[in-house]
Amino acid sequence: MKIFLDTANLDEIKKYAEMGIVDGVTTNPTLVAKEGANLKEYTLKICEMVDGDISAEVIATDYEGIVKEGREIAKWHKNVVVKIPFIPEGVKAIKTLSSEGIKINCTLIFSANQALLAAKAGAYIVSPFAGRIDDMGQDSMQTIAEIRQIFDNYGIECQILFASTRHPRHVVDAATMGCDICTMPAGVLEKMFKHPLTDKGLTQFLSDWEAVKDKQ
Ligand code: E4P
């Protein structure tokens with residue numbers, strides 16, 4: 001499973017990209033606004049740091065506007081994936097842009113039916129928002145398992161990107177359910193490193209070594 005960072009913060013991306021564990025990056029208008037950033041400038045900087053799919057989202061919500069913005073964003077860099085919200089005008093735009101060879105990440109997916117329609121229109125990636133589905137008191141795992149099964153039943157090649165990841169257990173859920181990608185905030189990725197027994201074990205190794213270090 002590919003691991004993506006869900007952030008527009010360049011320091012966070014640099015830190016984990018240097019470890020060789022980041023396969024791509026997703027941003028959204030909220031994340032870009034949080035950095036006070038210019039979308040094009042930041043997207044290009046991210047493309048320099050990570051050699052993988054980098055999603056940048058359109059702001060338009062009408063068909064013509066989405067197509068215009070999508071074509072423009074796609075020209076920025078070969079690794080840029082155009083993120084389009086799942087709305088009827090967006091689905092129509094996905095059909096147009098994907099038939100031009102532009103890669104689309106269809107975002108704000110909350111049901112298996114939405115994922116099926118986005119994939120049918122030609123999306124390269126669909127992004128079900130697990131955390132936000134759970135926030136509604138619904139079962140995100142069921143939704144994602146349904147999407148996986150539908151895509152497998154019909155050989156649909158569109159990638160499933162587990163989004164709105166809230167904790168490290170979500171990452172395990174994404175991987176065991178066969179998601180192609182899991183995108184996560186840096187805080188979740190940081191927590192994936194942690195285990196108290198690793199810390200305890202290392203402390204023990206180092207203190208035991210201290211006793212014999214002069215004999216080395
Ligand atoms: C995905 O591409 C979105 O940017 C993201 O995962 C949304 O997560 P949130 O629900 O934590 O804002």
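**Exercise 1. Work out how far apart Asp 173 and Arg 169 sit in helix α9, and describe how their side chains pair.**

Step 1. Asp 173 and Arg 169 both belong to helix α9 (residues 168-176), and because they are 4 residues apart there, about one helical turn separates them. Helices here are DSSP runs of H or I with at least four residues, strands are runs of E with at least two, and both are numbered from the N terminus.

Step 2. Their side chains meet in a salt bridge, at 3.8 Å from N to O. The term asks for a side-chain nitrogen of Lys or Arg within 4 Å of a carboxyl oxygen of Asp or Glu.

Step 3. Now look at the cover. Asp 173 is buried, with a relative accessible area of 18%, whereas Arg 169 counts as exposed at 52%. Buried means under 20% relative accessible area, exposed means over 50%, and partly exposed lies in between (1.4 Å probe, protein chains only).

Before you go on, keep in mind that this is a predicted model, in which local features need pLDDT of at least 70 and side-chain atom pairs count only at pLDDT 80 or more, while totals for chains, interfaces and linings use all residues. Residues are numbered from 1 along each chain as its sequence is written, and side-chain values use heavy atoms, with hydrogens and water left out.

**Exercise 2. Describe the overall fold of the chain.**

Step 1. Start with the inventory: the chain has 11 helices and 8 strands.

Step 2. Then follow the strands. The 8 strands close into a barrel in the order β1-β2-β3-β4-β5-β6-β7-β8, with parallel pairing. Neighbouring strands of this sheet are turned by 30° against each other on average, direction ignored. For that value, axes are lines fitted to C-alpha atoms (for helices, over the stretch in contact), and angles run from 0 to 180 degrees between N-to-C directions.

Step 3. Check one pair. Strand β1 (residues 2-6) and strand β2 (residues 24-26) run parallel and are joined by 3 bridges; two strands pair if DSSP finds at least two bridges between them. Within this pair, Leu 5 stands opposite Val 25.

Step 4. Finish with the whole chain. Its C-alpha atoms fill a box of roughly 75 × 40 × 30 Å along the principal axes, and 46% of the 216 residues count as buried.

**Exercise 3. Explain why strand β4 is largely enclosed, and place it among its neighbours.**

Step 1. Strand β4 covers residues 80-85, and 6 of its 6 residues are buried, so the rest of the structure largely encloses it.

Step 2. Sort the side chains: Val 80, Val 82 and Ile 84 point one way, while Val 81, Lys 83 and Pro 85 point the other way.

Step 3. Go to one neighbour. Strand β3 (residues 53-57) runs parallel to β4 and is joined to it by 4 bridges. The chain travels from β3 through helix α4 (residues 63-74) to β4 in a right-handed β-α-β crossover. Right-handed means that, with the strands pointing away from the viewer, the path from the first strand over the helix to the second runs clockwise.

Step 4. Go to the other pairing. Strand β5 (residues 104-109) also runs parallel to β4, again with 4 bridges. Here Ile 84 stands opposite Cys 106. The route from β4 to β5 passes through helix α5 (residues 88-99), and this crossover is right-handed.

**Exercise 4. Which residue meets Lys 83 in a salt bridge?**

Step 1. The partner is Glu 57, at 3.9 Å from N to O. The two come from distant parts of the chain, 26 residues apart, with Lys 83 in β4 and Glu 57 in β3.

Step 2. Compare with the backbone: Glu 57 also has Lys 83 as its bridge partner in β4.

Step 3. Both Lys 83 and Glu 57 are buried. The structure holds 13 salt bridges.

**Exercise 5. Is Phe 205 buried or exposed?**

Step 1. Find Phe 205 in helix α11 (residues 196-212).

Step 2. Its relative accessibility is 60%, so Phe 205 counts as exposed.

Step 3. Phe 205 forms a nonpolar surface patch with Leu 202 and Leu 206, and together they have about 350 Å² of accessible area. Accessible areas come from the Shrake-Rupley method with a 1.4 Å probe, and for residues only the protein chains shown count as cover. Patches take residues with over 30% relative accessible area and no salt bridge, joining like charges within 9 Å and nonpolar side chains (Val, Leu, Ile, Met, Phe, Trp, Tyr) within 5 Å.
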